[in-house]
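This report describes a two-chain model, its confidence, its interface and its nonpolar cores. Please consult the sequence and coordinates shown below alongside the text.

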Amino acid sequence: MPNFIDRRLNPKDKSLGNRRRFLKRAREELKRNIKERIRSGKIADADARHAVPMPQDGTSEPSFQHARASGRRDYVLPGNREYAPGDRIPKPPAGAGGNGSRAGIGEAEDDFRFVLSREEVLDLFFEDLELPDMVKLSLKEAVAFKPRRAGYTTSGTPTNVNVTRTMRNSYGRRLALRRPRQEEIEALARQIEELEAKPGTPDRRTRLEALRAELDRLQRRRRLVPFVDPVDIRFNRFEPQPLPNANAVMFCLMDVSSSMGEREKDLAKRFFVLLHLFLKRRYERIDIVFIRHTHEAGEVDEETFFYSTQSGGTVVSTALEEMLSIIRKRYPSREWNIYAAQASDGDNIAGDSERCASLLTQEVMRLCQYYAYVEIIDERETEIFGATDNGTSLWRAYRTVGESWPNFQMARIARPADIYPVFRKLFARQPGSQMR
Amino acid sequence: MTEKGVSSSGLLFSGSDWNFETLARLYDAIAEIALEELKLDIYPNQLEIISSEQMLDAYSSIGMPLMYQHWSFGKRFAFEEHLYRKGYRGLAYELVINSNPCITYLMEENTAAMQALVTAHAAFGHNHFFKNNYMFQRWTDAGAILSYMDFAKKYVARCEERYGTSAVEAILDSAHALMDQGVFRYRRPPRLSSEKERERVRERLDYEAQTYSDLWRTLPRKKTEGGSEERDREVRERKRNLHLPEENLLYFLEKNSLILEPWQRELLRIVRVIAQYFYPQRQTKVMNEGCATFVHHTIMNRLYDKGKISEGAMLEILQSHSNVIFQPGFDDPRFSGLNPYALGFAMMKDIERICTEPTPEDRDWFPDIAGSGNWRETLLDAWANHRDESFILQYLSPAVIRRFRLFQLADDAGTPYCEVAAIHNERGYEAIRSALARSYDIGIIQPDVQVVDVDLLGDRHLKLQHRVRNGVLLEEATRDATLRHVRRLWGYEVSLEGIDAVTGERLYERSTRQVGT
């Protein structure tokens, strides 16, 4: 007689831990993969496909394997119908499954893929990016309060009475203090009535007396132990919770003047597309204001900003002035976190760059949490300017701003492939800041 | 039909439902035939009923009831589950573990007829093979494996607690990459030590770790006298002490790596022990499955002959039996290699036939056994003393070659065609037989990579050698990735050299310096 064991009731999911570990790994792998693909695919063009070495935490399981396309080997196969020794069979083209020899699990496993929705891709893509200083330092104390439920209290306003709690307490107290129930009293009263209706004998009279005394005692007790006592009453307690001021607005400033060629506009738009995606994805409540400018600036909607064409001269300061007037009208800086991103080719009408710089230092930067300037330059110019501080008039003027304001950042983009690194650089999560 | 009806008609069960009494009745009836008629010799059985989800769990932990945690098992689970949920692949009806007592998992959704079939197949067929085959006897330790796995699981968990999951995973990843090179092929591995002994060794290591004194390192070294000759002698001695060349890379790294901590060595050891435990299974797939299939086929037929199972149940059993031994031709879209069940079963049936009704051809080919009549002993002997390669070389008869219409295809990577080298005719039998046997030789299927040299006095450069047979090289991407893993365990430069096994010509050399880390 063997030993039978019914294992069906054993706890399930014995391998849950393993699966979790695998998903964690796969996630890291996916993130890397997505970044790679976006960099070389849609958002930026692939100029060089370079092999990625096995990541430290990859999900591949390598081992020494024989290469299929080398050497001499023999196969023994079943089901011969027409072949005679010496017959030659052309090989299937490379990659078409070889000669039907061992197609084991090992290979199939490597075809194991994840299918991600667009949202999941974006989530992974934008992970660990955020707007810097989401909470204004100066606003940290003076904030709005929102009442939050926090347990119960014995005092409060009648509107906040918690009936369930109150009745529970009352019931417990009534039980503990033996408050006579209504039915008991009614039963007694009925008995008394019955006795009264009958002719009185001394025996009945004494009994009637006793019953009346009992009824009296019960009624007194009922008065002493009320149905709901003030000590039973409980109120919902609300605690005012400070809410960080997280209203945010992002100003997107783009130069669409004629000096911006197709290529420059394309790069600038790609940058803003990325920014737009990122903001929409990560922040529920954020206003985005699109401003484009030539020699005059105007606020436009998303559609126009990304798809319509316009051109003209270049006066960058108009955009800054437009931004300031919008801030004054709609986004008082006491209540709003203000961010701005500006893209331009750096060309500006003579003398205006200095005006821009002074506008920035004197007004805009006081209001802004963060200001990112992206300059679109020619590919040839990268070699000339490289990392130097030389450059267009706007670049030189903005350098001075960057020196005095640490929350002003600037970067150059020459190729589509630069966009993502620059974007990451501008919005990488600051160490130590945990706010979302 | 009621229980009474069943017993009065002589049937063991009727209908497809079963309960534990049915299983016990079935088991006893099967055991009677297996032990008395087939003379099988088995470990005590432990039959466990499991659900499909538990079967998937068991799959993903390479069939072991106890396994340490590692992400790769999660990957396997996700993969198997995907196939199962999409309906690409069914689950096995049973799973059997080479242990003492022999544990067999039976799926709960099997019908009574299927439970009879898989009990005969696993609890008797596989069980007998595990207990008697020389490979298993020599290379595995059925009595100790479960307690060892229990130890391994707990040990890995303790290490994770102490050193962090990622540190443990890094070591296990690297060790898994070398699993195929982590077995002793030619010398017997030491027996698994008892729990007590392992405990003692660990305590000793802990003690050493606690009492380690850095002061000892400051003692001045003995000056080495003598010139280069002396040094050469030392190197030679060192190499001899290291037992080079060494085929078991994991063993070598465990014992000699200069950067591993004691717990890391223990992890390598665990992976190595598991690899060694599975080593015989991979070399006896045809025999093991053939043996189990032959046993269940014989027992089920005997039960039917004795009137213990109904015709309906027998039909179900035969249908599932023929599914198991189905062998599509090479050009069939369902073809995925030779089916070990089909080949093993056909060969063993053929041995029975040769023993009882030999043809003149059989007398020619198998003079020892043809017509001897005692097929049971012949089979018991074959099951005990062969692995796939030698079994095929010894027993593959022309009749089976003709039945499978086997042919040999020579494939040279340099030519755009494959050439048919032999077919099932007089001239081809021998060639096909030896070619098929070779294709089951694990020494040929797997790359032969060994440790050949370590420059311990210099830069500690570890040299591996790949003996290239028939010009078959290594897959480059996985080779480099695996080398990186070796380097992670060794800590210093590692290089791999490809040497032609026949000419000794050097075909390639790859170092971790080229690969990067």
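## Fold, interface and cores

Of the 436 residues in chain A, 22% are buried, a residue being buried if 20 or more other C-beta atoms, placed from the backbone, lie within 10 Å of its own, exposed if 12 or fewer, and partly exposed in between. The model is predicted: local features need pLDDT of at least 70, side-chain atom pairs count only at pLDDT 80 or more, and totals for chains, interfaces and linings use all residues. Residues are numbered from 1 along each chain as its sequence is written, while chains are lettered from A and ligands numbered from 1 in the order in which they are written.

The model has an ipTM of 0.78 and a pTM of 0.66. For chain B the mean pLDDT (the predictor's confidence in each residue, from 0 to 100) is 83, and 90% of the residues score at least 70. Residues 1–5 of chain B stay under 50. Where pLDDT is low, the predicted coordinates should not be read in detail.

Chain A contains 13 helices and 11 strands, taken as DSSP runs numbered from the N terminus (helices: H or I, at least four residues; strands: E, at least two). Among contacts in chain A with a separation of 6 or more, 81% link residues 24 or more positions apart; a contact requires C-beta atoms, placed from the backbone, within 7 Å.

The interface draws 57 residues from chain A and 81 residues from chain B. Four elements of chain A each supply at least two residues to the side that touches chain B:

| Element of chain A | Residues |
|---|---|
| Strand 1 | 3–6 |
| Helix 1 | 16–40 |
| Strand 2 | 72–77 |
| Strand 3 | 88–90 |

Helix 1 gives the most, with seven residues. Strand 1 of chain A runs parallel to strand 1 of chain B (residues 45–50), and four bridges join them; strands pair if DSSP finds at least two bridges between them. In this pairing, A:D6 has B:I49 as its bridge partner.

The largest nonpolar core (buried Ala, Val, Leu, Ile, Met, Phe, Trp, Tyr and Cys residues joined through C-beta atoms within 7 Å) has 145 residues, of which B:I30, B:L267 and B:V271 touch the most other members. Helix 5 of chain B (residues 112–132) provides the largest share, 12 residues. Beyond four places in sequence, B:L267 contacts B:V156, B:C159, B:V168, B:I171, B:L172 and B:A175. A second, separate core of 57 residues includes A:V249, A:V289, A:V316 and A:Y398.

Terms used. Contact = placed C-beta atoms within 7 Å.
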